[in-house]
Amino acid sequence: MLKNKKTEKKTEVYALGQHISMSADKARRVIDQIRGRSYEETLMILELMPYLACYPIFKLVYSAASNASYNMASNEANLVISKAEVNKSTTMKRFKPRARGRSYAIKKPTCHITIVMKDISLDDKIDSLKKPRWKNKHTAMMYRDMYSK
């Protein structure tokens, strides 16, 4: 049975940044921290992290949120980053002159970043939120006192 696209309501929007001039590994370090978090929490994290990769990711998150408010008329408080991925892109090759007429190749990596946001007020399932590392706070390892029996 075919679904009617006009009656189906979209719950996800995305923002795509292509050919961003940074290494995919440096961008992944930041993306792993914000995946699964709410929009407001993500903005706070990105403003306080000391990495240069945060600024283009901040712009993409902000763009995805404005896409959601314009296309779906959703509130920013209901937005959650459901998917965030970084893919390796082309490498720009430049040459730097060196001694004795030689040249040295400089490789400048680029990456593609995709941020997908979901409106949790429109979706029935809320399992996309980031789960805590510990299921129970009290399961952390307790050290025994060597003098007690």
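This report describes the overall make-up of a predicted model, the packing of two of its helices and the surroundings of R37.

## Overall architecture

The chain contains three helices and three strands. Read from the N terminus, these elements follow the order β-α-α-α-β-β.

Of the 149 residues in the chain, 30% count as buried. Among contacts in the chain with a separation of 6 or more, 73% are between residues 24 or more positions apart.

## Packing of α2 against α3

Helix α3 spans residues 54-71, and α2 packs against α3 at an angle of about 160°, the two axes being 10 Å apart. The angle therefore makes α2 roughly antiparallel to α3. The crossing of α2 past α3 is left-handed.

On the α2 side, the contact involves Y39, T42, L43, L46 and E47; on the α3 side, these residues meet C54, I57, F58, V61, Y62 and A65. Classified by residue type, the contact of α2 with α3 comprises nine nonpolar residues, one polar residue and one charged residue.

## Surroundings of R37

R37 lies in the loop between α1 (24-34) and α2 (39-48). The side chain of R37 has two partners listed here: the backbone oxygen of Q33, reached at 2.7 Å, and the side chain of E41, with which a polar contact is made at 2.9 Å.

R37 is also paired in space with a residue remote in sequence: V80 is 43 residues away along the chain, while the C-alpha atoms of R37 and V80 are separated by 5.7 Å.

Conventions:
Residues numbered from 1 in each chain as written. Predicted model: local features only at pLDDT ≥ 70, side-chain atom pairs only at ≥ 80, totals over all residues. Heavy atoms only, no water. Helix = DSSP H or I, 4+ residues; strand = E, 2+ residues; numbered from the N terminus. Polar contact = N/O pair within 3.5 Å; in protein donor to acceptor, adjacent residues only side chain to side chain. Axes fitted to C-alpha atoms, helices over the stretch in contact; angles between N-to-C directions. Parallel < 35°, antiparallel > 145°, perpendicular 65-115°, else oblique. Left-handed = near helix turned anticlockwise from the far one by under 90°. Contact = heavy atoms within 4.5 Å. Nonpolar A, V, L, I, M, F, W, Y, C, P; charged D, E, K, R; others polar. Buried < 20%, exposed > 50% of the residue type's maximum accessible area, 1.4 Å probe, protein only.
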